[in-house]
Amino acid sequence: MPWSPIAKERPPWMTVRAPSQRSRFGELVEIVREGGLHTVCEEARCPNIGECWGRGTATFQILGETCTRACRYCAVTSRKRGEELDPLEPAKLAAAAERMGLEHVVVTSVDRDDLADGGAAHWAQTIRALKRRCPGATVEVLVPDFLGCEEAALVTVLEAAPDVFNHNIETCRRVQPIVRVKGDYDRALRLLARARQVWVERWPERGSLLTKSGIVAGMGETDDEIVETMRDLRAHDVDVVTIGQYLQPTAKHLPLDRWVPLESFRRFRAEGAAIGFGSVFAGPLVRSSYRASEQRLAATGESRVIAY
Ligand code: SF4
């Protein structure tokens, strides 16, 4: 698969911000390496790493470095089987989050279709370890679709009481089968809606659960299809949405289809607010975990910024 001819012609609005505090960047590198941890910031080659790590925030990736899916746009290494789970990973991650002083901890994982529970028990241990070690912090989980064990995995993960439940739909209905061989648009929507239902049915005393999803633009969809996807997410009770620009990681990955203009992101923010999302972060460098703490505050009404 070739490089898209436009991939290297970056428009000026794709300029990446330098670390805001170089000392904090170095400190985070040390904490992550010492803990033997993985971050999606590095694995997915996120363009915001300078800014986020410079501010002292990172997104942890659990369940190993190897994903059992092979989505055409994703930079994470893919094989049929992932690594042995590290039973100490939840404790190491919680210790790192405490050392970093995080008030909002975002955790994601690779897909583990090779595990009977999709990795749900490890997810739950991680959330519990964070709640014990960082009792004042909120925990956001960006989970896979737990193909084949969705309901049981949802119960296991939600029982550990995360504060934000995130599952990225990634792209519109038409493009989904082209770029995500094992992904499914309706399964993603069902998982998001079901998370809220399970939460309310099983733990009515807990109050509401924030649900969230993300869309990557520039993989062959149109602006109208992005708006349609936002409407589908809202129809499934999703509170928070993020929309950012796709970056082709290597020549072997899905060719970049377009640089999404700034006016399109403005439209997504306006339409997202009108549709009723509590928070709409849409911009070229927005990623699901970008300024995730601010997204949460916007959606809970603790901040008035609902669009970035
Ligand atoms: S946007 Fe998310 S993945 Fe990217 S550097 Fe920031 S925290 Fe990491």
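Start by selecting helix α1, residues 22-34 (helices are DSSP runs of H or I with at least four residues, strands are runs of E with at least two, both numbered from the N terminus): its 13 residues, at 1.5 Å a residue, should span 18 Å (1.5 Å times one less than the number of residues), and its end C-alpha atoms are 19 Å apart, which agrees. This is a predicted model, in which local features need pLDDT of at least 70 and side-chain atom pairs count only at pLDDT 80 or more, while totals for chains, interfaces and linings use all residues. Residues are numbered from 1 along each chain as its sequence is written.

Next, pick out F25, L28 and V32, the buried residues of α1 (buried means 20 or more other C-beta atoms within 10 Å of the residue's own, exposed 12 or fewer, with C-beta atoms placed from the backbone). Looking down the axis of α1, you will find these buried residues within an arc of 60°, so they line one face of the helix (the arc is that of the directions from the helix axis to the C-beta atoms). They pack against β1 (38-39), α3 and α4 (89-100), contact being C-beta atoms, placed from the backbone, within 7 Å. Turned away from that buried side are the exposed residues S23, E30, R33 and E34.

Step on to G36, just after α1, which takes a positive phi of about 60°.

Now select the ligand, whose surroundings include V40, C41, I49, C52, R287 and Y290. Two elements, α2 (40-43) and α3 (49-54), each give two or more residues to this shell.

Finally, centre on V157, which, leaving aside neighbours within four places in sequence, is in contact with A120, W123, A124, V141, V143 and P162.

Conventions:
Near = placed C-beta within 6 Å. Contact = placed C-beta atoms within 7 Å.
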